[in-house]
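Trainee: I have just opened this entry and would like a guided tour. Could we go through it one question at a time?

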Amino acid sequence: MADASRVVLGLGGCVDYELRLTAGVLEQLVTEYGVTAAELSSPTAVTSERDLVVSILSYVARGGGGEHYVASAAALESFANRYPHRATLGGTSVRAGILMSRLGVPSTMHLVSVNDTFRRLLPAGTEWINSGTEDTTYPHLIVQYDRGLHVRAGDIDVTAPFPNRLIYVNDPANSAMLLTDELGPRLAGAHVFLISGFNAMRDRDELDKRMARLRAHMLHLPAGAVTYFEDAAYHEPAFSSRVRSALLDTIDVYGLNEDEMQNHLGRTVDLLSPTDIADALAELSTLIPAPTLVLHTKYWALAYGDHAVTWAIALDLGTVTAAVRYGHGDDFTDADVAELRSRPRRSASVTFAADLEQLLGSRVHCVPAFALDVRNPTTVGLGDTFVGGFLTAVARSSSEETP
């Protein structure tokens, strides 16, 4: 297999504190803080533990997922300590790299912060470069909840219609997103480059400097390298378009999930309506005119562009790996993957994929998700795992084409 220099994954990573919500703790906090149902109707800034409870319940009520900056690191610590939680490694590039390592594809990670926990949990043999000058730890709070979670206290009575995950962050290292001078030379031998992480930045001038610096580093990429950009929830929403304007002409594949798609469009989209998705893709391709859009959701994953079918194997492997993680978390085995591949796909998703391809022709290739019924699914890192599976297929293809 290719060496680690052929795949460069950036641009930041972190330690996550993962926990699963339970009704009892939330009900206690609703009562303690006097949270009311009226407060759950609109998003709120998160500056305290009370704000955190309001934000979480707002998402649980609709089964949504999201990411937010939290002004108080103490609020994150306080909330995490109310639940059993475990430390894991996070960031799209890091989770994708861990999955790729599991599948036999080594990579080099660009990091902005490392510490003893990071070193302990990173797969043996993983290469990394780091822009930080000293060890730092800024844990991200990763909250997952199951479908059917029922919270009833005061006048609040909510039940989660879907499982999902929420990310809450106070991380100066990822907010700064410094780039090491080693990045350009590493990119000189890369066949795959993943860009993610700028969503955590909060200073416009610093963001512009980082965009210019990244473009300079990317001049080292060889001809034919695939650059994949993974979208995210921006802590400063206006920065999303600023990043796109700066980087779109350098991007081959622009990936996003259903939450990010609907945020861009400013409306809810029926994910199983071919006409709704066709309209959404037309709008997205105007807003985000990348050569290929990759949209991954709980029902299907698709590529949209002039050469959509080129990404068929990558879409399928991304779908498989995300589904295995959903059912087995970090502890999946080769046998779990084989068993999953024998399962049927969602019937509604199969019908949707066929109808969408009939509607849009060769401009789209759609892979249906699997029919899964998991009692306690893992909802953390599914998009990151999809990206890792997708890029594994891309890297394997590149390795076959290039001696």
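**Sheets, helices and cores**

Trainee: Over how many bridges do strand 14 and strand 15 pair?
Mentor: Take strand 14 as residues 292-296 and strand 15 as residues 300-305, which pair in the antiparallel sense. Strands here are DSSP runs of E, at least two residues long, helices are runs of H or I of at least four, and both are numbered from the N terminus. Two strands pair if DSSP finds at least two bridges between them, and for strand 14 and strand 15 the count is five bridges.

Trainee: What kind of model am I looking at?
Mentor: Residues are numbered from 1 along each chain as its sequence is written, and side-chain values use heavy atoms, without hydrogens and water. Local features need pLDDT of at least 70, side-chain atom pairs count only at pLDDT 80 or more, and totals for chains, interfaces and linings use all residues, because this is a predicted model.

Trainee: Which strands are at the edges of the open sheet of nine strands?
Mentor: The order of this sheet is 6-5-1-11-12-13-14-15-16, with mixed pairing. An edge strand pairs on one side only, and that is true of strand 6 (127-130) and strand 16 (364-368).

Trainee: Which residue stands opposite His 296?
Mentor: Strands of a sheet pair through backbone hydrogen bonds, either parallel or antiparallel. To find the partner of His 296, look across to strand 15. There you meet Ala 301.

Trainee: What angle does helix 11 make with strand 15?
Mentor: Helix 11 (residues 274-287) packs on the sheet, touching strand 13 (253-257), strand 14 and strand 15; contact means heavy atoms within 4.5 Å. Axes are lines fitted to C-alpha atoms, for helices over the stretch in contact, and angles between N-to-C directions run from 0 to 180 degrees. Between helix 11 and strand 15 the angle is about 50°.

Trainee: Why is one side of strand 3 and of strand 4 left without a neighbour in the sheet?
Mentor: Five strands form another open sheet, in the order 3-10-7-2-4, with mixed pairing. One side of strand 3 (66-69) and of strand 4 (86-90) is left free because both stand at the edges, each with a single partner strand.

Trainee: What is the hand of the crossing of helix 2 and helix 3?
Mentor: The axes of helix 2 and helix 3 (residues 73-80) come within 9 Å and cross at roughly 65°. A crossing is left-handed if the near helix is turned anticlockwise from the far one by less than a right angle, and right-handed if clockwise. This crossing is right-handed.

Trainee: Which helix gives the most residues to the largest nonpolar core?
Mentor: A nonpolar core is a set of buried Ala, Val, Leu, Ile, Met, Phe, Trp, Tyr and Cys residues joined through side-chain atoms within 4.5 Å. This one has 51 residues, and Phe 198, Leu 214, Leu 247 and Leu 302 touch the most other members. With five residues, the top helical contributor is helix 11.

Trainee: Is Thr 319 buried or exposed?
Mentor: Thr 319 is in helix 12 (residues 312-328), and its contacts beyond four places in sequence include Ala 301, Val 367 and Phe 386. With a 1.4 Å probe and protein chains only, buried means under 20% relative accessible area, exposed over 50%, and partly exposed in between. The relative accessibility of Thr 319 is 9%, so Thr 319 counts as buried.
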